[in-house]
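Please open the model in your viewer and keep the selection tool at hand. The tour moves from one selection to the next and states what is found at each stop.

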Amino acid sequence: MDRPVRIIAIDDEDTMLSILKRSLEPEGYAVETFLNAGDALQRLGSGEPADIVITDLMMPDMDGFKVIERAHSIDKDIVVIVITAYSSVESAVKAIKAGAYDFVPKPFDPDHMLIVVKRAVEARRLKLENIILKKQIEGAVYPEIIGTSPAMRQVFTMIDKVKNTDGTVLIIGESGVGKELVARAIHFGSKRAGCPFIAINCGALPDELLESELFGYEKGAFTGAINRKTGLFEAANNGTVFLDEVSSISPMMQVKLLRFLQERSFMRLGGKETISVDVRIIAATNEDLKEAVDKGTFRKDLYYRLNVIPLEIPPLRERKDDIPLLVRHFVKKFSDKYNKKIIGISRDAEELLIGYKWEGNVRELENVIERAITITDADIIGIDDLPYEIRTGSERTTQSVSPYPSDLTLFDIERLHIANVLKAVNGNKSKAARILGIDYSTLRRKLNSMGIPIE
């Protein structure tokens, strides 16, 4: 948010409002206080937009549950924190079910309240960003391919140019960049969309199996061929065949594929009948085929047959502007898959993802987000939910030299750092959690697991 975070605080006790104002304003928050819930809600609906409502649960003019309902009717994305002296498990559960972001019993530690507000601000930011990013995805011409960077816009432009032609396309890109997604976008955006799209990984099959998969075979063509098998080229007639990892096929299969590309006809294994088909070929490679031609491992004539329309997909490290969009997409995907209410990722964690080298590209990022979704206990993915190699291998973390000896384990370094922070704040765990960028309960769990006295 470019402007200061605006907070509306509602309580029928003026002393409590003063405590909130004194605690939050030095941290840069703009706090408006109201003794009357009706006045606060009128302000929420008519003044400058607010980001967070902090409300007492039990008030004479309107209870906190009604405040939550009315606040969300004015702004469905506003974040509401409930505070009350009448705290119980039942009331906390009821408040959360009513739509409250968090529940803080009175009297509260101001440092703990700051942590809750900080997390609430992050939740508000993510809600607003998710609205924008959702619109970007919904407005995309190819919604399965996530990206708005200049590099990806060039890819989309190429897809538009080639989709309604019949020219053979060679998709070039590292492993994990989404070559099959691009191939599918070309097919399903073309006049062939109503016909089959069949993908095969050439590198996953030995020659004999690859040949029988592509061309099919007649009954009795070899031992075990008890029935005729239709090959993929025949099955995909009028459609598209996607040949992934085409660089891995053997010289013998290169000859047979070249012949098919030249004649668009073939014979099944063991057959005598020539079968002609109308199939568009899209091939993909993560290797430099020109270099393979120079080395003599790939036929020059086949290379030129495949490379009629080259389409290069950039690696993720060259389109880092797309990482936040991809992260939101995968968070939504895996939150739904695992039935978890994860609203997004913290800014610090996102910065680490942006600074990482991503040798495995989009597929690696997808795996990282799936892992984080499965292990996190919070509603926002934090730094602790990311793998060790990202926490230590991001550009952000490698810009400075570690102050700890190189022979310490990660566990030792973390334990030493937490102990040093606690010592610096005279054992104030709420303040320590705020400095460490984690919530109070996470700090207590770490202290317990590390054998550091909690009390």
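How many of the residues of strand 1 (residues 6-10) are buried? The model is a predicted one, and in it 5 of the 5 residues of strand 1 are buried.

**First stop: strand 1 and its partners**

Select residues 6-10, which form strand 1. Display the side chains and consider the two faces of strand 1 in turn. Arg6, Ile8 and Ile10 lie on one side, Ile7 and Ala9 lie on the other, and all of these residues are buried. Both faces of strand 1 are therefore covered, since buried means a relative accessible area under 20%.

Next, add residues 30-34, which make up strand 2. Strand 1 and strand 2 run parallel and are joined by 5 bridges. Within this pairing, select isoleucine 7 and valine 31: isoleucine 7 stands opposite valine 31 of strand 2. To see how the chain passes from strand 1 to strand 2, select helix 1 (residues 14-24), through which the chain crosses. This β-α-β crossover is right-handed.

Now select residues 52-56, which are strand 3. Strand 3 also runs parallel to strand 1, and 4 bridges join them. Alanine 9 has isoleucine 54 of strand 3 as its bridge partner.

**Second stop: a charge over a ring, and a cis bond**

Select lysine 94 together with phenylalanine 65. Lysine 94 lies over the face of phenylalanine 65, at 4.5 Å from the ring centre.

Then move to proline 107, in the loop between strand 5 (102-105) and helix 5 (110-138). Which kind of peptide bond, cis or trans, joins lysine 106 and proline 107? The bond is cis, with omega at about -10°. Most peptide bonds are trans.

**Third stop: serine 190**

Select serine 190, in the loop between helix 7 (179-188) and strand 7 (197-201). Serine 190 counts as buried because its relative accessibility is 11%, and the cut-off for buried is under 20%. A polar atom of the serine 190 side chain lies 3.1 Å from the backbone nitrogen of arginine 192. Leaving aside residues up to four places away in sequence, serine 190 touches Lys163 and Asn164.

**Fourth stop: the loop before strand 10**

Select asparagine 238 and glycine 239. Asparagine 238 is found in the loop between helix 9 (232-235) and strand 10 (240-244), and glycine 239 is found in the loop between helix 9 and strand 10 as well. Are these residues buried or partly exposed? Asparagine 238 is partly exposed, with a relative accessible area of 37%, whereas glycine 239 is buried, at 0%.

Examine the backbone of asparagine 238: its phi is near 75°, a positive value in a residue other than glycine. Most residues other than glycine have a negative phi.

Glycine 239, for its part, touches several residues beyond four places away in sequence, among them His187, Cys195, Asp278 and Val279. Arg192 also touches glycine 239; the backbone nitrogen of arginine 192 was encountered at the previous stop, 3.1 Å from a polar atom of the serine 190 side chain. For a view across the model, add isoleucine 83: the C-alpha atoms of glycine 239 and isoleucine 83 are 62 Å apart in space, and the two residues are 156 apart in sequence.

**Fifth stop: strand 10 and what follows**

Select strand 10, in which 5 of 5 residues are buried. Thr240, Phe242 and Asp244 point one way, while Val241 and Leu243 point the other way. Strand 10 runs parallel to strand 7, to which 5 bridges join it; in strand 10, aspartate 244 stands opposite asparagine 201. Strand 13 (residues 280-285) also runs parallel to strand 10, with 4 bridges between them, and alanine 283 of strand 13 stands opposite leucine 243.

Continue to glutamate 245, in the loop between strand 10 and helix 10 (251-263). Its phi is near 50°, again a positive value in a residue other than glycine. Glutamate 245 is partly exposed, at 29% relative accessibility.

Finally, select glutamine 254 in helix 10. Glutamine 254 is buried, with 1% relative accessibility. Its side chain reaches the backbone oxygen of threonine 297 at 3.2 Å. The residues that glutamine 254 touches, beyond four places away in sequence, include Ile249, Phe298 and Leu302.

Notes
Residues are numbered from 1 along each chain as its sequence is written. This is a predicted model: local features need pLDDT of at least 70, side-chain atom pairs count only at pLDDT 80 or more; totals for chains, interfaces and linings use all residues. Side-chain values use heavy atoms; hydrogens and water are left out. A charge sits over a ring if NZ of Lys or CZ of Arg is within 6 Å of the ring centre and within 35 degrees of the ring normal. Buried means under 20% relative accessible area, exposed over 50%, partly exposed in between (1.4 Å probe, protein chains only). Two strands pair if DSSP finds at least two bridges between them. A crossover is right-handed if, with the strands pointing away from the viewer, the path from the first strand over the helix to the second runs clockwise. A polar contact is a pair of N or O atoms within 3.5 Å; within protein, one must be able to donate a hydrogen and the other to accept it, and residues adjacent in sequence count only if both atoms are side-chain atoms. Contact means heavy atoms within 4.5 Å.
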